[in-house]
Number of protein chains: 2
Amino acid sequence: MNSKAIQDLYPENLAHCYGCGKNNPQGYQLKTYLIDDETIAHFTPEEKYTAIPGSVYGGLIASLLDCHGTGSAAAFMCKQEHIALEEGPIPIRCVTASLKVDFKALTPMGVPLELKGRLRSIEGRKIWVDMTLSANGILCATAEILAIQLKE
Amino acid sequence: MNSKAIQDLYPENLAHCYGCGKNNPQGYQLKTYLIDDETIAHFTPEEKYTAIPGSVYGGLIASLLDCHGTGSAAAFMCKQEHIALEEGPIPIRCVTASLKVDFKALTPMGVPLELKGRLRSIEGRKIWVDMTLSANGILCATAEILAIQLKE
């Protein structure tokens, strides 16, 4: 692990996101880490987040991918700009312009989900990231996000 | 209003979805109605579902569009098959194969969100639906879903 969670480095006034903000105690508090060229996050859903019984709700999967995507985008932008992910606040916070999720298999309930992200490209304030979500080593969803870096 | 909520017509064993299942008391319980050729749903988010302060969390928006999309798909398939949306359980339940959400504007907190759906096409068990999400009459997101009708 060569970084703090990117979400824990967001500015305090931009850390209320229900999906990943450390200042939202009722939220999911997803944590995204940059490891070399890849981002990673883990999350184990509570049973109430059911789709059809035994499977995880697709809306939660999209939510986790949304926050992992914007977090990954911020991390990859920081990497490009040589901003260390060691101490906050970092000057980069991204929002989602577009998110596409393809569900490949029912996501089993009761096991940790693993989310991974890879940078596709950066153009100005636009950052494209490709993601996967797996459970028990099985690919359950792929996703792509176009994230936009907020102006300061 | 010429239908009951489509989600209230799902079979009892498939009505636990966190986003729209009547048998999930902790969930959002989104309700989708078919009116002529269009589906409609309304939802007012609690303040905890924040993205950046003042705006609704994109993960919630994707979640609502996911459930409105699968509900719309079931409604449009019922319409094609001349199945009345008056008494459950209906024999049609759809899951998401792919969901794409484009965020057009920050979604304001504290007002009812209006979701609408239109059928694009049906091919066998595949149903494509185009959707919008508006707040205060302003378009905040568009979305497209590919939903798959579950085999009985």
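The expected span of a helix is 1.5 Å times one less than its number of residues. In this predicted model, helix α1 of chain A covers residues 58–80, which makes 23 residues. From its first C-alpha to its last, α1(A) reaches 32 Å. That value is close to the expected 33 Å. The helix is mostly covered, with 20 of its 23 residues buried. After α1(A) comes His82(A), whose phi is positive, near 60°.

Strands β4, β5 and β6 of chain A pair through β5(A). Strand β4 spans residues 113–123 and pairs with β5(A) in the antiparallel sense, over 10 bridges. Strand β6, residues 138–149, is also antiparallel to β5(A), and 10 bridges join these two strands. Asp130(A) has a partner on each side. Arg118(A) stands opposite Asp130(A), and in β6(A) the bridge partner of Asp130(A) is Glu144(A).

Both connections are hairpins. Two residues lie between β4(A) and β5(A), and Gly124(A) in that turn has a positive phi of about 60°. Two residues likewise separate β5(A) from β6(A). In this second turn, Asn136(A) has a positive phi of about 55°.

Strand β5(A), residues 126–135, has two faces that differ in cover. Side chains in a regular strand alternate between the two faces of the sheet. The covered face of β5(A) consists of Ile127(A), Val129(A), Met131(A), Leu133(A) and Ala135(A). The uncovered face carries Lys126(A), Trp128(A), Asp130(A), Thr132(A) and Ser134(A). Asp130(A), the residue opposite Arg118(A), thus belongs to the uncovered face.

Conventions:
Residues are numbered from 1 along each chain as its sequence is written. Chains are lettered from A and ligands numbered from 1 in the order in which they are written. This is a predicted model: local features need pLDDT of at least 70, side-chain atom pairs count only at pLDDT 80 or more; totals for chains, interfaces and linings use all residues. Helices (H or I, at least four residues) and strands (E, at least two) are DSSP runs, numbered from the N terminus. A residue is buried if 20 or more other C-beta atoms lie within 10 Å of its own, exposed if 12 or fewer, and partly exposed in between; C-beta atoms are placed from the backbone. Two strands pair if DSSP finds at least two bridges between them.
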